[in-house]
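Here is a short report on two helices and a few residues around them. Please look at the sequence and the structure first.

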Amino acid sequence: VSTQSTGYDTGGFSIKGRTTMPGMKRDCGGAAAILGAFAAAVECGFKENLHAVLCVAENSVGPRATVPDDVHTLYSGKTVEINNTDAEGRLVLGDGVAFANKDLNADIVLDMATLTGAQGITTGMYHGAVLTNNA
């Protein structure tokens, strides 16, 4: 199980506007849901091999912040040029999925994350977007 979470997402140097930044503390919803589900599975005595990979980031402006045009090398070894610093969730999630595949040899990867406003438009306010590599 893999998820992305941003503690508080200001958008970094591609800063969010004053009407879209309030409420970004909820950007950790996917990670909170996965952590809760993982804890429930453990408490219920789940015996299979289960991992929760929480891909957590903080996205704000500071001296060590990513800026547009930076190039990052991801965990998979691929490089990516940053065009918009408000896409940090995709980067940490990509690292988490690569870690789950490479180091945990996961048979099934399930992602539940609050990656974009498009997720809210697609699934609504009360439903999460869930992706998996297993049909």
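C28 sits in the loop between β1 (2–9) and α1. The model is a predicted one. C28 has a relative accessible area of 29%, so it counts as partly exposed. Its C-alpha atom is separated by 8.0 Å from that of A113, and the two residues are 85 apart along the chain.

**Helix α1**

Helix α1 covers residues 29–43. From first C-alpha to last it reaches 21 Å, close to the 21 Å expected for its 15 residues at 1.5 Å a residue. Its buried residues are G30, A31, I34 and A41. Seen down the axis of α1, these buried residues fall within an arc of 95 degrees, so they line one face of the helix. Just after α1 comes G45, with a positive phi of about 85 degrees.

**Helix α2**

Helix α2 runs over residues 88–102. It also has a reach of 21 Å between its first and last C-alpha, close to the expected 21 Å. Buried in α2 are E88, G89, V92, L93, G96, A98 and A100.

L91 belongs to α2 as well. Is L91 buried or partly exposed? Its relative accessibility is 24%, and buried means under 20%, so L91 counts as partly exposed. Leaving aside residues up to four places away in sequence, L91 touches L74, V80 and I82. The C-alpha atoms of L91 and H72 are separated by 9.2 Å, with the two positions 19 residues apart in chain numbering.

**A nonpolar surface patch**

Which residues form a nonpolar patch on the surface? They are L35, L54 and V56. Together they have about 260 Å² of accessible area. V56 lies in strand β2, which spans residues 53–59. The relative accessibility of V56 is 56%, and exposed means over 50%, so V56 counts as exposed.

**Accessibility of three residues**

The table lists C28, L91 and V56 with their relative accessibility and class.

| Residue | Relative accessibility | Class |
|---|---|---|
| C28 | 29% | partly exposed |
| L91 | 24% | partly exposed |
| V56 | 56% | exposed |

Conventions
Residues numbered from 1 in each chain as written. Predicted model: local features only at pLDDT ≥ 70, side-chain atom pairs only at ≥ 80, totals over all residues. Heavy atoms only, no water. Helix = DSSP H or I, 4+ residues; strand = E, 2+ residues; numbered from the N terminus. Expected span 1.5 Å × (residues − 1). Buried < 20%, exposed > 50% of the residue type's maximum accessible area, 1.4 Å probe, protein only. Arc of directions from axis to C-beta. Patch = residues over 30% accessible without salt bridge, like charges linked within 9 Å, V, L, I, M, F, W, Y side chains within 5 Å. Areas by Shrake-Rupley, 256 points an atom, 1.4 Å probe, with all protein chains shown as cover. Salt bridge = Lys/Arg side-chain N within 4 Å of Asp/Glu carboxyl O. Contact = heavy atoms within 4.5 Å.
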